[in-house]
Amino acid sequence: MAGKETQVPPKRFPLVQVVPNLEEWPLYRLSKDRERFLQKVIEEAKKELLQDHRGSASMQVLLANSLYHEKIRLTRKPWSVDPPDEKKFWAFVAAELTRLEQEAAPPASWNALLQTILERYGKEIQGNFHNPTYQFARHFLPIAFNRLLNASGNRNFSRVFGNRLGIHDRVHLDGNVERLRQIVRDGGTVVMVPTHFSNLDSILVGYAIDAIGLPPFLYGAGLNLFSARILAYFMNRLGAYKVDRRKKNKIYLQALKAYSTSALEEGCHSLFFPGGTRSRSGAIEKQVKLGLLSTVIEAQRRLLLENPDGPFQKIYVAPVVINYNFVLEAPALIKDHLQEIGRERFFVEQDRYSSSGKIARFILRFFTAGSDIRIRFGDPMDILGNPVDASGNSLDPNGKTVPLAAYFQHNGVLNEDTQRDFEYTKILADKVVHAFHRYNTVMASHVVAFTAFRLIQKRHPDLDLYQLLRLPEEDRWWDWQALSIAVTRLVAEIKARCDRGELYREPVLDQPTEAILQHGIRNLGIYHDKRALKVDKRSGKVSSDDLRLLLFYHNRMDGFGFEHHV
Amino acid sequence: MASDLNTMSEQAPVAVIGAGSFGTAVSNLLAENNRVLLYTRLPERAEQMRTSRISAGQKLNERIEITGSLQEIADSCYLIFPIVPSENFAGMIGELAPFLRPDHFLIHGTKGLHIEPANQHLGLESKLKRQQVLTMSELILRETVVLRVGCLHGPNLAFEIAQGLPAATVIGSRFDEVINEGKQALRSNRFQVYGSYDVLGIELAGVLKNILAIGSGMIRGLALGDNARALLMTRGLSELIHLGKTLDIDPRAFLGLAGIGDIIATCSSPHSRNYSVGFRLAQGETLTEILETVDEVAEGIHTVQIALALANAEGLSMPIVGMLHRILFENAPVSDSLQRLMSYRINRDVDFI
C-alpha cells in the first residue's frame, strides 16, 4: 500500500549526492552527446509522423496545416525571443510546398521538407547542460534564498547577516525521500510530477531535488522564461529544454514528445508539471494533461520492447505536492479562474496586481512570505500507478510482485499498441491526481480560509458565487467564537483522515484551536496588499479585505469532500 | 514461466468462470473457435458435468474441458470470461486475484452490481452513494492487477443461444485489443459481436434493464396488453437513462444492444428469468415462493433496490422503479400498482437526449 510511508527522521538537508560522480549524471551524459541525441529525436518524430501520414497527399496536408498555424502565430503572437529568420524560413516552406505540388514530387521530397522543419524545431527545443553553471547555481541559490528568507520583509534587515535560519528550516521537505534515493541509486529513471500553483514551483522543486541529493532533472520550460536574458542563461545550461506553448501544430508537438520520450528512454530523470499550467482556482489539479505523461508510457514500452527477455530500464513516477501559505500570483489567478467559469457575469474591477510584474519584487516577496512552504514527495510508483517496494518492484493490490512487462504483452508476446498506450496514459493520469490529494499536507491557513468561506456561504444560501464575492465590506466578517467551533470540527475530520493514511497535516494543526486560528489567519496569504482574513484588534472580529483571495485559498481544500464538515 | 507461456501462446484455451445457463451458452459459443476451460465451483457438479457432458440443461461442446481450479485457468489462459452471479462475484474475484497477471484479459458477462457494505438492507427510503456501488469491471480493477477488462452484454437469452439461433452482443472495453480478442474468440456465423469503449455505460444499461423485464412480466401476467407493456418499457427506459445521466453515463449506451436490444428481448421472452419473476408475481405468487423454485438468480430483483437507493441519494424520482420496489418487497398488490402507472403526470415524452 502507498498508504503508510516510513516516517523519515528529521534530516539535515542537503543530503549527500546519490550519484557522486557527475559524469554518471544522465543529463551530463546527454549533453556530451547532444548531436546524436538531436538526430535521434528527429528520427523518432519523423517515424511517428510518417506512420500517420503515408504518401504525398497526406504529408502535404500535414505540412500545409503546420505552415498555416505558424503563419498565424507569426502575425498574431510575435515574441522578442523568436529568431530573426522565422519569417524567411516559413516563406521558404511555403515556396517549397508550392513547388512540390506543381512538380507532383515523389514522397521522398515531401519527407525531406518534413525533415527540414523537424531539424529546425529540434534545435530550438534542445537545451544544454553546462556543469559549471549548474554548480554555480546550486551553491549560489541557497545562499541567496537564505538571505531573502531571513530578511523577512523589510522588518529586520540585520538578520540577513545575523543568526540565520537556513532555507532548509523554511522549506520543509517531507515524504519517503529514502525510497526515491534508493531508486536513483539502483539506476531507475525518475519522472517527478509536482502540483503547480506558482511560477516559482520549478525553482523550488529544482532546489528540493538537489537538497535530497538527486542529480539534476531534465525540465521543459516555457519559452517565455527564456525571454529574460539572465534566466535564459541559467535555463539553457541547467538542462532545460524549451517549450513554446504558442506552437500547437502537429509537427512541433510530435518533436516535443519525441524529445521527452527519447530522454526518458536514455535514462534521463525528468520533471514536468502534469497540470500544464498553474492552477487558476487554487485547487489541487483534478485533471492533468496527457501529452507529456504519454511519453512516460511510451518510453517504458520502448525500453521493454528493446530487450524483451532481459532486464530492462524501469521508469518510476514520483508525485510531489507543494503547499504554500502564500501564492503571490493568487489575485491574478483567481481572477482568471472566475472569468473562465463565469465570463460575462463577473464584474471585473481594475486591480493593480496584474500590472505589477516586476520579477525582482516577485521573488523577494515570494521568499519573504512566512516560514512555511511544504514540499512532500509521494511514494514513487510504477508507470501504471502501482506502488513499488524498496527494490523497486511493482506490487499488486495484494502486495504481490507484478511483472511490469506483462502489461505490454498480448497472448504472451510483447507488442506495440498505441491505443493501449493511450488508455494507460489516462490510468496514469488518474493515479497522479489521486496521489496529489493523497500526499497533500493540510496547512492551518487553508483550514481557516476553507472554514471562513464555507461559513459565509452558509450565511447567504440565496446568493450565487458572484453575488457572494461582491458582498459589501460590512457583511464580510466572522465571529471568532463561531469560526473557532467550525475549525475545531474540521480539524477533527482532518485528523481522522490523516490517521487513516489518506492525508497529511502540518504540525500546528495538533495545537489547540486558538493557536490554529491565530497561526492560520496570520499566515494566510501573508504578503498580499489586501488580506484574505484579518483580526480586528478592538472588536476581536475577523474580517476580509478580499473574498476572491479567500476563495482562492479555500479552494486548496476543495475536492476532498470537506464541505460537509463545515 | 515466460517460456511456457510463449510456447502455448498459439493455442491457449479460453476460460469461462461459472457454468450457469449463460456461462454454459458462452462456453459453447467459444468452443466453436477455441479450446475452452469451464470452471465450476462445486466438485460434485464438475464431476457430474464431466460424465454427462451436460451443463444447465445444455449439451457441452466436446472442446470444453471442466475444471475446478481457478489457478489452472489463470495459468493456462490469457482470455477469461467470468460469468457468475453478482452476489458471488466478489468472492470469486478474491480467490482468482492471486493467480492473475497483467497480461490477462477479463471480459465479464454478469448483469448485476456490487454494493458496499455487501449485505445491507435496502428499503424504499435507503440511499446509496455512487462510491458504494461497483460494477463488475470496477470490482475487477480494484481487486486485481488486471487492467484490460471488458464486459459482454446484449440480447443473449441463453435458451436461444443454446438452440443455435442467431444473436448479437456487444463487448465494452477501453481497449481495442480486448474488444478484438473477444470478437475473435466469440464470433461465428450465428453470433455477431460489436464493440464499444463505454464500458460503464454498457454495464449499467445491461444491469438496469432487468428491472424493466420484471415489470414487463407483470403486465403480461395481468394480461394488460402490449400497449401497456410498451408504455412501461419506454417510460421505464426514460427513468433508467435519467439515473444513468446522474451517474455520468452517456445516454447512447442505453440505445444500443445492451440497452434497448436487451430490453426488447428480455421484456418479451418467457425465457428471461426476470420476466418470469414478474409474470408469476402477477399470477399471485409471492416473491418468497418464487425464489424457492428458481435455481438461478434473477439479478433484477436486487437491482431494483440498488437503482432506487442510487436515485434516492441523487434526489431523483423514479416512479416505475419505486412501484416495482413496493410490489417486490412490500407486498403492494400488483394490479393496483400497475393501474397507478396511468395516473402519473408525465410532461414530456423524450427529455433525456
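A residue counts as buried if 20 or more other C-beta atoms lie within 10 Å of its own. Keep that cut-off in mind for the first view of this predicted model.

**View 1. Leu49 of chain A and its surroundings.** Let us start with a single side chain: is Leu49(A) buried or exposed? Leu49(A) has 21 other C-beta atoms within 10 Å, so Leu49(A) is buried. You will find Leu49(A) in helix H2 of chain A, which covers residues 34-52. Which residues does Leu49(A) contact, once its neighbours within four places in sequence are left aside? They are Leu62(A), Leu114(A), Ile251(A) and Gln254(A). Take Leu62(A) from that list: Leu49(A) and Leu62(A) are 13 residues apart in sequence, and their C-alpha atoms are 8.8 Å apart in space.

**View 2. A three-stranded sheet in chain A.** Follow the strands across this open sheet and you read the order E14-E17-E16, with antiparallel pairing. Strand E14 (477-478) and strand E16 (534-535) of chain A stand at the edges with a single partner strand each, so one side of each has no neighbour in the sheet. Two bridges link E16(A) to strand E17 (residues 542-543) of chain A in the antiparallel sense. Here you can spot Val535(A) standing opposite Val542(A), which belongs to E17(A).

**View 3. An eight-stranded sheet in chain B.** This open sheet has mixed pairing, and its eight strands come in the order E5-E2-E1-E6-E7-E10-E11-E12. Why do strand E5 (64-67) and E12 of chain B each have one side without a neighbour in the sheet? Both stand at the edges with a single partner strand each, so one side of each is left free of a sheet neighbour. On average, neighbouring strands here are turned by 25 degrees against each other, direction ignored.

**View 4. Paired strands and packed helices in the sheet of chain B.** Strand E6 (residues 79-82) and strand E7 (residues 105-108) of chain B run parallel and are joined by two bridges. Look for Leu79(B), which stands opposite Phe105(B) in E7(B). Helix H2 (residues 21-31) of chain B packs on the sheet, where this helix touches strand E1 (14-17), strand E2 (36-39), E5, E6 and E12 of chain B. The direction of helix H2 of chain B makes about 170 degrees with that of E1(B). Helix H6 (residues 136-143) of chain B also packs on the sheet, touching E7 and strand E10 (149-153) of chain B. Its direction makes about 160 degrees with that of E10(B).

**View 5. Where the two domains of chain B touch.** The domain assignment divides chain B into domain 1 (2-201) and domain 2 (208-343). Their centres, taken over C-alpha atoms, are 25 Å apart. How many residues of each domain of chain B are in contact with the other? There are 32 from domain 1 and 28 from domain 2. Several elements supply at least two residues each to the domain 1 side, including helix H5 (86-96) and strand E12 (191-196) of chain B. E11(B) gives the most to that side, with three residues. By class, the domain 1 side has 14 nonpolar, ten polar and eight charged residues.

**View 6. Where chain B meets chain A.** In this last view, 18 residues of chain B are in contact with 19 residues of chain A. On the chain B side, helix H1 (2-8) and helix H8 (176-186) each supply at least two residues. That side of chain B divides into nine nonpolar, three polar and six charged residues.

Note on methods:
Residues numbered from 1 in each chain as written. Chains lettered and ligands numbered in written order. Predicted model: local features only at pLDDT ≥ 70, side-chain atom pairs only at ≥ 80, totals over all residues. Domains from an automatic or database assignment. Contact = placed C-beta atoms within 7 Å. Helix = DSSP H or I, 4+ residues; strand = E, 2+ residues; numbered from the N terminus. Nonpolar A, V, L, I, M, F, W, Y, C, P; charged D, E, K, R; others polar. Pairing = 2+ DSSP bridges. Buried ≥ 20, exposed ≤ 12 C-beta atoms within 10 Å, placed from the backbone. Axes fitted to C-alpha atoms, helices over the stretch in contact; angles between N-to-C directions.
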